[in-house]
Amino acid sequence: MAAILVTVSGIDLVADGCDNFSTRYLVSDACYLAKKPLVTAAMGTFDGTLTTVRAHERAADGKPNSSYRCLFPEAPPPGSVPACAEAGVLGAMAGVLGSMMALEAIREIVGFGESLVGRLVMFDARAMRFETLRYSWDPDNPLSGEHPTITDLSIHMAK
């Protein structure tokens, strides 16, 4: 786990597109602890999401930015959300989300436009519709809340 934190510490931004929640939590926690921004995307067969996490920073109003754990406090029960390899995905979906993710990563590094921090873009390919959901810091989250219980990556060690 220390190797992951060292790796994340040596880069400017992490772009995550993994297909399982345990890895998403690990990457997000590592980014928080290393004080690095995270652009993360996920997709199902016909839908996808994209957000940026800068939980190690504060918003313009002085409030803490939200973490991935503020958006998804708990992983869904095992087996309830199939991995991409199980459910299959449309190649075009990966192209759309990958392009949006690349654009968001460039935008975060260069600093133009409005960040996706605290906003989740949802794409529904069946209806060809985009929607945006706002989310905020949860003072009870175990990583960046008022009383954090996650202070290193040991929570991710196999049991």
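How far apart along helix H2 are Phe21 and Tyr25? They lie four residues apart in H2 (residues 21-34), so about one helical turn separates them. The notes below concern a predicted model.

1. Helix H2, length. The helix has 14 residues, which at 1.5 Å a residue should span 20 Å. The C-alpha atoms at the ends of H2 are 20 Å apart, so the expected span and the model agree.

2. Helix H2, burial. Ten of the 14 residues of H2 are buried, so the rest of the structure largely encloses this helix. The buried residues of H2 are Phe21, Arg24, Tyr25, Leu26, Val27, Ser28, Asp29, Ala30, Cys31 and Ala34. The charged residues Arg24 and Asp29 are thus listed among the buried ones.

3. Aromatic pairs. There are five aromatic pairs in the model. In one of them, Phe21 and Tyr25, the ring centres are 6.3 Å apart and the planes meet at 40 degrees, so the pair is tilted. The cut-offs matter here: centres must lie within 6.5 Å, and a tilted pair is one whose planes are neither under 30 degrees nor over 60 degrees apart. Both Phe21 and Tyr25 are buried.

4. A stacked pair. Phe123 and Phe130 also form an aromatic pair, with 4.5 Å from centre to centre and 20 degrees between the planes, and this pair is stacked. The two partners differ in exposure: Phe123 has a relative accessibility of 5% and counts as buried, whereas Phe130, with a relative accessible area of 47%, is partly exposed.

5. Surroundings of Phe21. Phe21 belongs to an aromatic cluster together with Tyr25, Tyr68 and Phe72. The ring of Phe21 also has the charged end of Arg24 over it, 4.7 Å from the ring centre. Both Phe21 and Arg24 appear again in the next point, among the residues closest to the centre of the largest pocket.

6. Largest pocket. The space in this pocket comes to about 480 Å³. Its lining has 32 residues, and those closest to the pocket centre are Phe21, Arg24, Ala42, Met43 and Val81. At least two lining residues come from each of H2, strand E2 (38-43), strand E3 (47-53), helix H3 (68-71) and helix H4 (84-87). Strand E3 supplies the largest share, with five residues. By type, the lining holds 18 nonpolar, ten polar and four charged residues.

7. Second largest pocket. Here the volume is about 220 Å³. The lining residues are Ala59, Asp61, Lys63, Pro64, Asn65, Ser66, Ser115, Val117, Gly118, Tyr135, Ser136 and Trp137. Five of the lining residues are nonpolar, five are polar and two are charged.

8. Cavity. The structure has one cavity of 30 Å³ or more. The volume of the largest cavity is about 50 Å³. Ser28, Cys31, Tyr32, Lys36, Leu38, Val53, Arg54, Ala55, His56, Ser67 and Tyr68 line this cavity. Helix H2 gives the most to the lining, with three residues. The lining divides into six nonpolar, three polar and two charged residues. Of the lining residues, Tyr68 is also a member of the aromatic cluster described in point 5.

9. Positive phi at Lys35. Most residues other than glycine have a negative phi. Lys35, which follows H2, has a positive phi near 60 degrees. This residue is found in the loop between H2 and E2. The relative accessible area of Lys35 is 57%, so Lys35 counts as exposed.

10. Positive phi at Met128. Although Met128 is not a glycine, its phi is positive, at about 50 degrees. Met128 lies in the loop between strand E4 (119-124) and strand E5 (129-134). With a relative accessible area of 63%, Met128 is exposed.

Note on methods: Residues numbered from 1 in each chain as written. Predicted model: local features only at pLDDT ≥ 70, side-chain atom pairs only at ≥ 80, totals over all residues. Heavy atoms only, no water. Phe/Tyr/Trp six-rings, centres within 6.5 Å; stacked < 30°, edge-to-face > 60°. Buried < 20%, exposed > 50% of the residue type's maximum accessible area, 1.4 Å probe, protein only. Lys NZ or Arg CZ within 6 Å of the ring centre and 35° of its normal. 1 Å grid on protein atoms, 1.4 Å probe; cavity = no way out; pocket = protein on both sides within 12 Å on 5 of 7 lines; lining within 4 Å. Points joined across faces, edges and corners; volume = space filled by probe spheres on them. Expected span 1.5 Å × (residues − 1).
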